[in-house]
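This report looks at two places in one protein chain: a loop residue and its surroundings, then a strand and its partners. Keep the sequence and the 3D view at hand while reading.

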Amino acid sequence: MAEPVKVYPPGGGGDILEVIPLGAGSEVGRSCCLVKYRGKSVLFDCGVHPAYSGLASLPFFDAIDADEIDLALITHFHLDHCAGLPYLLERTNFNPKARIFMTHPTKAIYKALLSDFVRVSSHSTSSEENLYNEQDILKTMERIESLDYHQEMTVNGIRFWAYNAGHVLGAAMFMIEIAGVRVLYTGDFSRQEDRHLKEAEIPPYKPDVLIVESTYGVQVHEPRKIRESRFTQKVAQAVRRGGRVLLPVFALGRAQELLLILDEFWEAHPDLQEVPIYYASMLAKRCMTVYQTYINMMNDNVKKRYDVSNPFAFKYVSNLRGMDQFDDSQPCVIMASPGMLQSGLSRELFERWCTDKRNACIIPGYCVDGTLAKHILTEPTSISRASDGKELPLRCSVDYITFSAHSDFLQTSQFIDQAKPTNIVLVHGESNEMGRLRLALEDRYNKGSEGHKIKIFTPKNTQAVQLEFHGERIGKAIGVLPKRKPENGLEISSVIIRQDFNHTLVKQEDLSTYTNIKISKISQKLVVPIRRSFTTLTGEVVRTFGGVETGVSKESSRPYFTVGRGVSVEPVGDGLSVAIKWLAGYKADMIADSIASICISMNDLVEKDPVTFELDDDYYKRSLEVSRKMLASRFGTVLGVEGDKNKSRLVLDLVEVVVDHHSGEVECEDELIRERVRMALRRIQAAVFPIPDYYCDCCACSTMDNTEPDQKKVKVEEPADKDAKSEGKRPTGPPVDSVDGVKVKQDEEKVQAKTEILDYALGTEASIQGSSEGGLQEAGMKVGELGQGLQAKDEPLLDTLPVKEEPKPVDTPTPVDMDVVKDEPA
Ligand SMILES: [Zn+2]
Ligand SMILES: [Zn+2]
């Protein structure tokens, strides 16, 4: 594949639209152009090249993956626009789900024309060279769908419709729209009304890309009247001097226009009426019914005449079945195909008549390079005979008076003026002609600083033109959502439904009303074994989530609790397991997971040998020491108790107090002092032992009231430390060090938070009492804000900081703390 033509700066972030000519790129023939955008592929036309035969005449299908094509649109029945289609459909991996469209008359004539094409090519080429057979054509007929001009269709999110192209009966230009970007492919078009066809329409919508034929380049057609009179004069002169006139034409399309002209001229000149006009095409005869059927698609001239009689039932034209019934002794006019004298009847007649100077050959249409018709326009003195290569002197007159309904420079530039495309891709033009047209268009639109600038491209076959588009993506809100008038910055939450390139925003509760989407709820149930009592589990869950609702199940008469709005936990079986039940959802899933992990971690703790824990665990010894020191800092000298490592002795207000660091129990005669020391001990224990042992099932202290805040503080500290250890693992996010002062500040916050916990544990900061949670939350928030500061300064560190905005069903300061720690530098 050739290097693409890119016209966008790298990294623009838009979507790339590609236009790839597979044929008719800087040439005329085998029109075939692929447009790709946002994962959709549309193929315009699929023709063969008239100057080549066999595989060489096909478009470059191997440059693409035919399996990716979603839609194929055929503009008209000329072989250079449609004769490659059976090969593409039947001999390549063309997407079996792709849809193929053409207008009704095109489809009707397509079949007859291609059958004729297969018949003619099988005569002139070897069987290996035949691209496909009659069966292949029939198969394509089943897949081709027809449409009317302006009938809007959508295939796979690609919107498209056709306009009249004025070139031959049923010729269409196609406008496609993919994700708001419009591409107009003209095919062959003419903006000049003739005897039977209307002029091509100008689309009312501006295309972003115009793919336009450039057959006649910068040439301007001579006015129709002058051209017609030159033509009829040439014909009349030749027959009046006793000669024969050959008009090589393509069987259908422009031939009908020439017949209308000649029939009318003969009518007006009685002296010519003796001279026969032959139309040597059985194919055209067969297709006349199609012409009569679609009179309504032609112009008023034909429609008016049709009221009187069939305008295609010619008075002076007769059909020639074959050369055997043709008396070649008198002057005559013959229209024969093919139009470029490549082979067949027109070639045979030309070779027979070219040596006689009374005869005339008038080429009435565009000729492609490499064909005999193009060659004789260069005024050679002889030509070589197709059958044996024998040189034949060229004595007859040869003229070129084009009636081919292709746009000339005036028509093309006026069309562009009105259609106002932003990009133009030129196709269907011989390379030099196309180059001249490009220069002329550049001169017209892109000279000077003013005016409507247009990018113009002339890609070769298989060379992609890549254009970047920044399509706006609009989401339409429906249901209750649009009831509130939107304002700038308003955050909304809804479900976005994308269908093709349309986005719809709808609240979840409206889904069933406005869409086909069904909503299901998934009930989850998880049974986890527990090694402690249900009451202990309840206490642990309360400490993590800040509160639960408790009750007794009516069915099982067992206690249960619920967390958040929908996670319920109750004992099952013999009470050694709990069932966690919830409706699936991201919050409930997380809560359920947390409860399950609490159950499992409680079980782990039980499995540890308590004796080993007490006597041999270094951690326990250190904790005991810290506990004693903290008690001393609060109440003065603390002494050990002989025989019991777990106990300490101190004297307060002249009263002896013995404390048990293990059980949390305090012995003292004075009830007030006992309570005071007991409270202090609790807090110390809470600070130094992660899960104090007095939280056992048998202990009355396992109720969650006064001990709860202490525990929470410990909980908050824990993950912070854990994460601090694994800080280095974080692979992403900019180093915080790079932001001046932030690291220090963040550390300060952490230190401050720790200090508060310690103070509170010692009971010296009375003001914090009762609001410990708020204090922690605030510390978390401060760090959170810090994170936001970073976010604004650099790329996002914290994807979301939901703490502030989102109301939570349960109060969990922990995740905030964890998030922040994660963002500390390694
Ligand atoms: Zn054409
Ligand atoms: Zn063409």
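D188 sits in the loop that links strand 11 (181–185) and strand 12 (209–213). The structure is a predicted model. Is D188 buried or exposed, and which side chain of opposite charge is nearest? D188 is buried, and the nearest side chain of opposite charge is that of R254, 9.9 Å away. A salt bridge needs a side-chain nitrogen of Lys or Arg within 4 Å of a carboxyl oxygen of Asp or Glu, and D188 has no salt bridge.

The side chain of D188 does make polar contacts with histidine side chains, listed here.

| Side chain | Partner side chain | Polar contact |
|---|---|---|
| D188 | H167 | 3.2 Å |
| D188 | H428 | 3.0 Å |

Both of these histidines also appear among the residues that D188 touches. Leaving aside residues up to four places away in sequence, the other residues touched by D188 are H76, H78, D80, H81, A165, E213 and H406.

The second place is strand 14, which covers residues 277–280. Its side chains point two ways: I277 and Y279 one way, Y278 and A280 the other. Are these residues buried or exposed? All are buried.

Which strands pair with strand 14? One is strand 15 (residues 317–319), joined to strand 14 in the parallel sense over three bridges. Within this pair, I277 has V317 as its bridge partner. Another is strand 16 (residues 332–336), which runs parallel to strand 14 and is joined to it by four bridges. Here Y279 stands opposite M335.

Methods:
Residues numbered from 1 in each chain as written. Chains lettered and ligands numbered in written order. Predicted model: local features only at pLDDT ≥ 70, side-chain atom pairs only at ≥ 80, totals over all residues. Heavy atoms only, no water. Buried < 20%, exposed > 50% of the residue type's maximum accessible area, 1.4 Å probe, protein only. Helix = DSSP H or I, 4+ residues; strand = E, 2+ residues; numbered from the N terminus. Pairing = 2+ DSSP bridges. Lys, Arg positive; Asp, Glu negative; His and termini not counted. Polar contact = N/O pair within 3.5 Å; in protein donor to acceptor, adjacent residues only side chain to side chain. Contact = heavy atoms within 4.5 Å.
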